[in-house]
Amino acid sequence: MEILPADLPDAPVSPARLTLLAAPPRGRPATGVRLVEDPATLSAAPPGSVAVLTAAASANATGHRLDVALRDASAAGAAALVLTGAEPPAPVPATARSIAERGDVALLHAGTADLAALVVALHRLIEGDAAEALARLGAAVDGMLAAGAELGRALGAAGSALGVPLRAGTPGADEVGAVARGSGGDVAVAGPRVGGCLGRAVELAALLVAAFAAGGEEPEDVPVRSRSLLLSELLVAPEGQALRLVGPARAVGLPVDGWHVALRIEPAALQGTERYELLDAVDRAALRELRSAGGAQWNSARAEDALSLIRSRPGDPGRGGLRDVVAGAERLLASLRERFPGADLRCGVGGAHQGPLGLRASVREARTALARGGGDGRPVVVHDLAGLDRMLGEWYASDTARAAAGELLAPIVGLGPDRARPLLRTLQVYLDHQGSPARAAERLHLHRNAVTDRVRRAQALLGVDLADPEQRLAVQLACRALRL
């Protein structure tokens, strides 16, 4: 959704009330946020940026200096200049208004807001990310509850909070919506198809408004989707806010107090609406398959343009249980890849952790596993199945271990990141595969001669003999610890 700076004062999520002081007739779409401590640096602002001046910088941008700041922002292609501090210039000089209008730069004032919170809120609003969509949805639910069950008021309140209009009626060709059965008949709610995370929020808001207006007789899948929504918010919200969601999560049947293992599934290349629609289909297919197998409870969440599947049980699954989850993830991914052949789906598996914060930890580990193992060619990668990362982390936390590993690998690290990274990665994979150039080449998608050459160069630089078991182990541990 395109955001123009003139729209920002009416933004549904903001830590401060933004006041529009001067606006161009057209305006440039906002594409990012930049915090500015010195108005002299505005000429380097990225095109489309919303430049937020600190209070000190705003105090230096008065009179003719405000004109200069607006000219510099316009020349850089910035979308808006936001002044902070107790009082805006009153009245705004005619020259400043003229420069803003002719230069396509909106001039706004944000008062004495927390600058960090303001920048984060503006960034989320402009980027339209999952956290922003969830924040809008939360505001829509609050507005709907405050408005009561009368459909017109609930639609108005929810649509205003979302920034997307909702209407009564069945959805048309370019709309999304829901129908809820009530004692007085069916209630249908529709809204525009906007795509992305905000589109998901609109769809869920339509579902909740319809169910609420129907008198509480929700469609069969409302509890499931409510759990998915709460789980998604629990994952992306700041820790303090996430803990406040634990009570509502328990109320809708989420086993947040149990032991959790997270799977993170994402396509390798698809972006935008294509990625969103694919993950929607994968979500439904995966849950059907996992729940049909019985046993643990599975729930899904959508965050960071990926799908998280959470397996929850009352007790600690231990290493054996985690291995069972990994085996199940491999079967699931094979089935999903066969069903969605063009998606190139990958899966990361986190460790087993207890409680709501443990659930978040497992999701983070699944993301880390994918990020670290993405270049290895494996469709399913596991964070720390054997507990080696945990042991290495504790070992590497000591000054002596860090010094020993750093000294051993210094001749390669000293080459600089661009040259050192491929050598160290090849060396680690070669050692992890018992010194087999063929298996390392397969994992790294290299010719075996390239692997042999890199290992030979690394060995010469380090001055070690990899045929010696002790030296080989030391190099292997140092490579893994450095990668951690």
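Biologist: What share of the 484 residues in the protein is buried?
Modeller: Buried residues, meaning those under 20% relative accessible area with a 1.4 Å probe and protein chains only, make up 49% of the 484 residues. This is a predicted model, in which local features need pLDDT of at least 70 and side-chain atom pairs count only at pLDDT 80 or more, whereas totals for chains, interfaces and linings use all residues. Residues are numbered from 1 along each chain as its sequence is written, and side-chain values use heavy atoms, with hydrogens and water left out.

Biologist: Why is D104 called buried or exposed?
Modeller: D104 has 12% relative accessibility and therefore counts as buried. D104 is found in the loop between α3 (94-102) and β5 (106-109), helices being DSSP runs of H or I with at least four residues and strands runs of E with at least two, numbered from the N terminus.

Biologist: And why does Q434 count as buried or exposed?
Modeller: Exposed means over 50% relative accessible area, and Q434, at 61% relative accessibility, therefore counts as exposed. Q434 lies in the loop between α16 and α17.

Biologist: What makes the phi of these two residues worth noting?
Modeller: Most residues other than glycine have a negative phi. D104, although not a glycine, has a positive phi of about 60°, and Q434, also not a glycine, has a positive phi of about 55°.

Biologist: What is the orientation of α16 and α17 to each other, and why is it called that?
Modeller: Helix α16 (residues 417-432) and helix α17 (residues 437-444) pack at an angle of about 125°, with their axes 8 Å apart. Angles under 35 degrees count as roughly parallel, over 145 as roughly antiparallel, 65 to 115 as roughly perpendicular and the rest as oblique, so α16 and α17 are oblique to each other.

Biologist: Which residues of α16 and α17 meet?
Modeller: With contact meaning heavy atoms within 4.5 Å, R425, T426, V429 and Y430 in α16 meet P437, A440, R443 and L444 in α17.

Biologist: What makes a set of residues a nonpolar core, and how many residues has the largest?
Modeller: Such a core is a set of buried Ala, Val, Leu, Ile, Met, Phe, Trp, Tyr and Cys residues joined through side-chain atoms within 4.5 Å. The largest has 28 residues, and L162, L166, V189, V202 and V209 have the most contacts inside it. Two or more residues come from each of α5 (130-147), α6 (151-162), β7 (175-182), β8 (185-192) and α7 (196-213), and α7 gives the most, with 10 residues. Another core, of 26 residues, lies apart from it and includes L263, A285, A329 and F340.

Technical notes. Axes are lines fitted to C-alpha atoms, for helices over the stretch in contact, and angles run from 0 to 180 degrees between N-to-C directions.
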